[in-house]
Amino acid sequence: MKALFGQQNSPGEEMTFVFQERENLPPPGDHEVKVQVRACALSWVDTKLLSEIKLKKELVPVGREISGVVLEVGSKVTFFQPDDEVVGILPLDSEESGLCEVILVHEHYLVQKPEKVCWAAAAGTVRDGLRAYTALHYLAQASPGTTVLVLDGASPFGTIAVQLAQHRGAKVVCTAHSLEDKQFLERLRPPVARVIDVAHGKIDVAESCLEETGGLGVHIVLDAGGIGVHIVLDAGGIGVHIVLDAGGIGVHIVLDAGVKLYSAEDESASKSQLLPHKHDIITLLGVGGHWITTEKNLQLDPPDSHSLFLKGATVSFLNDEIWNLSNVQQGKYLSILEDIMEKLSSGIFRPQLDEPIPLYEAKVSMEIVQRNQARKRQVIQF
């Protein structure tokens, strides 16, 4: 058997991907499940995070979102039996590459896959669904009467976030980074309230949101991409990127996944014009607002902190890896995965997936994903 791994010879160097021969797997341990992988979604490998939590290896397993069939179970496994169809996310410390025909997984990282859900859709939705749930249920609470702004709504994560917010009764506004993205968002059903085209940098997102909400601002702003998504929640009329509020007074939740921290001369104009400045987000927050960001290097100057203090606002960080970094909330985590599959089965979630890719093309596809150049979720089909 072959499995795909990533390697990085020195910090800052671009990761390369290689296939390695694997020996036949041993029988599963007490709580392990042997799974024949049918599909594996590709996601960006955060080598810096792996290094920070002491999980950096010479060869890093890639492909963690998998779906497949149970072949064999350990003696103490209670959740599954042979021939069950399962889906899950391999933990950060896993020695297994999901891009392998057969793998061993602890039973607590898997849930049942609904029969009507195809392999590629299950693997391609599970991580984006987890991120959307973490943002819109645990860090913020989208609900009827709230307005949600999803930045880069046509990205794989943005699409699922839009659908989850709509399912919860929220009014959704999106930004689009290209004409193709704009057309995709306008075809969504149920329709979004408004699509803001920021491809040419001529549209003021805050002004558009205030116009859409009659000057009140949005309740929730969600940044839906890894290259510059922001989420601000606001309901108070000062404008926001993602705002979550049930009382109509000020921005309550701001969700951001790639705020522009400063003006860099060498930053490409095409990327820079798509990102609001961090000061814009702080200005848009209302009293009691929440700024939720995936920007791990966010720096707040004393004036920024003072503005947040005066508003009684908070900054939260969206990191979906927290669920597998600790077993404390394992039951809650599995419930989320089960609900994601139920919404996928019922048609509430309709993911942005590229055409399934054969295993022999996984190396090239993973290089594209690692460079953040894929606009649809890449899924390897076995």
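# Notebook: cavities, salt bridges and two buried residues

**Confidence.** I began with the scores: the protein averages a pLDDT of 83, and 84% of the residues reach at least 70. This is a predicted model, so I looked for weak stretches before anything else. Residues 225-252 have a pLDDT below 50, yet in the model this stretch makes 192 contacts beyond near neighbours in sequence. Residues 264-269 also fall below 50, and there I found four contacts beyond near neighbours.

**Overall make-up.** I noted eleven helices and 17 strands. The protein has 382 residues, and 54% of them count as buried. I then checked how contacts spread along the chain: among those with a separation of 6 or more, 66% are between residues 24 or more positions apart.

**Cavities.** How many cavities of 30 Å³ or more are there? I get two. The largest cavity holds about 40 Å³ of space. I listed its lining as Glu14, Met15, Phe17, Glu367, Gln370 and Arg371. By class that lining comes to two nonpolar residues, one polar and three charged.

The second largest cavity has about 30 Å³ of space. Its lining is made of Arg64, Ile89, Arg127, Leu130, Asp320, Glu321, Trp323 and Asn324. Helix H2 (119-139) and helix H9 (322-325) are the elements that give two or more residues to this lining. I sorted the lining residues by class and got three nonpolar, one polar and four charged.

**Salt bridges, starting at the largest cavity.** I count 17 salt bridges in the structure. Two names from the lining of the largest cavity, Glu14 and Arg371, turn up here as a pair, with their closest N and O atoms 3.5 Å apart. Where do Glu14 and Arg371 lie? Glu14 is in the loop between strand S1 (2-7) and strand S2 (16-21), and Arg371 is in the loop between helix H11 (362-370) and strand S17 (379-381). The pair therefore ties together parts that are 357 residues apart in sequence. I also looked up the accessibility of Arg371: at 36% it counts as partly exposed.

**Asp128 and Arg377.** Next I took the salt bridge between the side chains of Asp128 and Arg377, at 2.7 Å from N to O. Asp128 sits in helix H2 and Arg377 in the loop between H11 and S17, so this pair links parts 249 residues apart in sequence. Are these two residues buried or exposed? Asp128 and Arg377 are both buried.

**Glu211 and Arg194.** My third pair is Glu211 with Arg194, whose closest N and O atoms are 3.6 Å apart. Glu211 belongs to helix H5 and Arg194 to strand S11 (residues 194-197), so the bridge ties together parts 17 residues apart in sequence. Glu211 is exposed, because its relative accessible area is 56% and the cut-off for exposed is over 50%. Arg194 counts as partly exposed at 22% relative accessibility.

**A network.** I also followed salt bridges that share partners, and they join Arg64, Glu65, Arg127, Arg131, Asp320 and Glu321 into one network. Several names here were familiar from the second largest cavity: its lining includes Arg64, Arg127, Asp320 and Glu321.

**Ser208.** Back to helix H5 (residues 205-212), which is where Ser208 is found. Ser208 counts as buried because its relative accessibility is 8%, and buried means under 20%. Which residues does Ser208 touch, leaving aside neighbours within four places in sequence? I find Arg194, Ile196 and Ile203. Arg194 is also the salt-bridge partner of Glu211. For Ile196 I took the backbone distance too: its C-alpha atom is 7.4 Å from that of Ser208, and the two are twelve residues apart along the chain.

**Thr125.** Last entry, in helix H2 again, where Thr125 is found. What is the relative accessibility of Thr125? The value is 0%, so Thr125 counts as buried. Setting aside neighbours within four places in sequence, I list its contacts as Ile160, Ile340, Leu344, Phe349 and Pro351. Helix H2 has come up before in these notes, with Asp128 and with the lining of the second largest cavity.

Definitions and conventions: Residues are numbered from 1 along each chain as its sequence is written. This is a predicted model: local features need pLDDT of at least 70, side-chain atom pairs count only at pLDDT 80 or more; totals for chains, interfaces and linings use all residues. Side-chain values use heavy atoms; hydrogens and water are left out. On a 1 Å grid over the protein atoms alone, a cavity is a set of points where a 1.4 Å probe fits but cannot get out, and a pocket is an open set with protein on both sides within 12 Å along at least five of seven lines; lining residues have an atom within 4 Å of a point. Grid points are joined across faces, edges and corners, and a volume is the space filled by probe spheres set on the points. Ala, Val, Leu, Ile, Met, Phe, Trp, Tyr, Cys and Pro count as nonpolar, Asp, Glu, Lys and Arg as charged, and the others, Gly among them, as polar. Helices (H or I, at least four residues) and strands (E, at least two) are DSSP runs, numbered from the N terminus. Buried means under 20% relative accessible area, exposed over 50%, partly exposed in between (1.4 Å probe, protein chains only). Contact means heavy atoms within 4.5 Å. pLDDT is the predictor's confidence in each residue, from 0 to 100. A salt bridge is a side-chain nitrogen of Lys or Arg within 4 Å of a carboxyl oxygen of Asp or Glu.
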